[in-house]
Amino acid sequence: MKLLPKQVIYLLLCLLPVVCHAQNIISNNLQEAPVNGGFEMEDYWVWGSAVIKGEDGKYHMYASRWPKYLPFHPGWMIASEIVHAVSNRPEGPYKYVDVALGARGTQFWDGRSSHNPKIVKYKDTYILYYMGSTHPFEEVTTENVDEFTLASKWCIAGRWRKRIGVATSKTPYGPWKRLDEPILDVAPNTFYSFLTSNPSPLIKEDGSVVMLFKGRSYLEDGIKHGDMGVGVATAPSFEGPYTVLGDAPLFSMDRFGEIEDPALWSDKNGFHMLAKDQRGLITGHEGDGLLAHSEDGIHWVLDNNPQAYTKTVKWDNGKTIKQGQLERPFVLVENGQPTHLFFATMDGPGGFGNGTQTWNMVIPLK
């Protein structure tokens, strides 16, 4: 049947909410960030959080931390652990409870560092996705920290050994059962031949998993690694096996632009992604947030107006501040709707070496 012009317009208007749904409920609904919300710890760098509401009615945050005697970057690469904090409200403030995943020995694939947590639940099981790494060298202490740089032996090994794993528990308080092998290893001659990191999972109603992840490949000389690429892996259940789909990343310098730290959620309109625009090739501003959508979690399209947020934050004390860093976005979803955005943030003018304080902040959505 041939559609008349008015019918075409009506059909496009009906489809418009599907394309713009995520954009409307993020950028147009950002509220003021509570100054006394979120989570921070004295004497620690705190970074990247994921939050879930437990059966106890409390909100449980899992975040990365590492001691401040190490430089922020690349201290996380060799000494991060994932801690658990709790609040009665999603805004916080969150109070430290315990270490969920700490160091467990050089011989384990994640024995030295656990980082980038993402928490999900399926039926009666809490599933903590994370990046882990190890290295075979002595500890970095206050006595030898001057030798610790991005080019040092610790970082060369720690970065090269980054892999993705999961830990499970029947309660948000643990204990957490880790696997002795990563769920997503590297593979030769792929865009993830050097490392796998930054898991972003979404578990469907049938228990199957769509997981976006960050990969890097070796360059032709076999020494240096390339730019970041974000790919997708699927699995019949959170236990695996995980299969990477396609020979090329979904997002890269050659496709859309380089992004990092995608956060996923789904609703009646499909799958949605919130991520950091690493170089500003999509939003026009380095470090701003972008939105994309998908029907299946595998094939992604940028939203019509992809900019979701900027690094300029309005606080509930009346101040508006451009944050030094605004990273690791996480979307808290309740009753099928995004309610809060969580970010890792840093003071200062920008740049990991210029900040003196980090914390996990939260922005409520209207």
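Is F342 buried or exposed, and what is its relative accessible area? In this predicted model, F342 is buried, with a relative accessible area of 0%. The legends below describe its surroundings and other close-up views.

**Figure 1. Y94 and F342 form an edge-to-face aromatic pair.** The ring centres lie 6.4 Å apart, and the planes meet at 70°. Y94 is placed in the loop between β3 (81-87) and β4 (95-101), whereas F342 belongs to strand β20 (residues 337-346). The pair thus joins distant parts of the chain, its members being 248 residues apart. Y94 counts as buried because its relative accessibility is 6%, under the 20% limit for that class. F342, at 0%, is likewise buried.

**Figure 2. Y192 and F213 form a second edge-to-face pair.** Here the distance is 5.7 Å centre to centre, with 85° between the planes. Y192 lies in the loop between β8 (177-178) and β9 and F213 in strand β10, so the pair ties together parts that are 21 residues apart in sequence. Both Y192 and F213 are buried.

**Figure 3. W45, W47, W66, F72 and F352 form an aromatic cluster.** Ring pairs link these five residues. In the structure as a whole, 17 aromatic pairs are present.

**Figure 4. The largest pocket has a volume of about 920 Å³.** Its lining consists of 28 residues, and those nearest the centre are V120, K121, I203, W265 and V333. At least two lining residues come from each of the strands β1 (44-53), β5 (113-122), β9 (195-203), β13 (259-267), β14 (270-277) and β19 (325-334). By class, the lining comprises 16 nonpolar, 5 polar and 7 charged residues.

**Figure 5. The second largest pocket encloses about 340 Å³ of space.** Twenty residues line this pocket, with H73, W76, K214, E260 and F352 closest to its centre. F352 is also a member of the ring cluster with W45, W47, W66 and F72. Two or more lining residues are contributed by each of α2 (72-79), β5, β10 (209-216) and β19. Helix α2 gives the most, with 3 residues. The lining contains 6 nonpolar, 6 polar and 8 charged residues.

**Figure 6. The structure holds 1 cavity of 30 Å³ or more.** The volume of the largest cavity is about 90 Å³. Its lining is made up of G48, S49, N116, P117, K118, N198, P199, S200, D261, P262, R328 and P329. Strands β1, β5, β9, β13 and β19 each give two or more of these residues. The lining divides into 4 nonpolar, 5 polar and 3 charged residues.

**Figure 7. S200, a residue of strand β9, lines the largest cavity.** S200 is classed as buried because its relative accessible area is 1%, under the 20% limit. Its side chain makes a polar contact with the side chain of K118 at 3.2 Å. The side chain of S200 also reaches the backbone oxygen of P262, at 2.3 Å. Both K118 and P262 are themselves among the residues lining the largest cavity. Leaving aside residues up to four places away in sequence, S200 touches K118, V210, M211, L212, P262, A263 and L264.

Technical notes. Residues are numbered from 1 along each chain as its sequence is written. This is a predicted model: local features need pLDDT of at least 70, side-chain atom pairs count only at pLDDT 80 or more; totals for chains, interfaces and linings use all residues. Side-chain values use heavy atoms; hydrogens and water are left out. On a 1 Å grid over the protein atoms alone, a cavity is a set of points where a 1.4 Å probe fits but cannot get out, and a pocket is an open set with protein on both sides within 12 Å along at least five of seven lines; lining residues have an atom within 4 Å of a point. Grid points are joined across faces, edges and corners, and a volume is the space filled by probe spheres set on the points. Helices (H or I, at least four residues) and strands (E, at least two) are DSSP runs, numbered from the N terminus. Ala, Val, Leu, Ile, Met, Phe, Trp, Tyr, Cys and Pro count as nonpolar, Asp, Glu, Lys and Arg as charged, and the others, Gly among them, as polar. Buried means under 20% relative accessible area, exposed over 50%, partly exposed in between (1.4 Å probe, protein chains only). A polar contact is a pair of N or O atoms within 3.5 Å; within protein, one must be able to donate a hydrogen and the other to accept it, and residues adjacent in sequence count only if both atoms are side-chain atoms. Contact means heavy atoms within 4.5 Å. Rings of Phe, Tyr and Trp (its six-membered ring) pair if their centres lie within 6.5 Å; planes under 30 degrees apart count as stacked, over 60 as edge-to-face and the rest as tilted.
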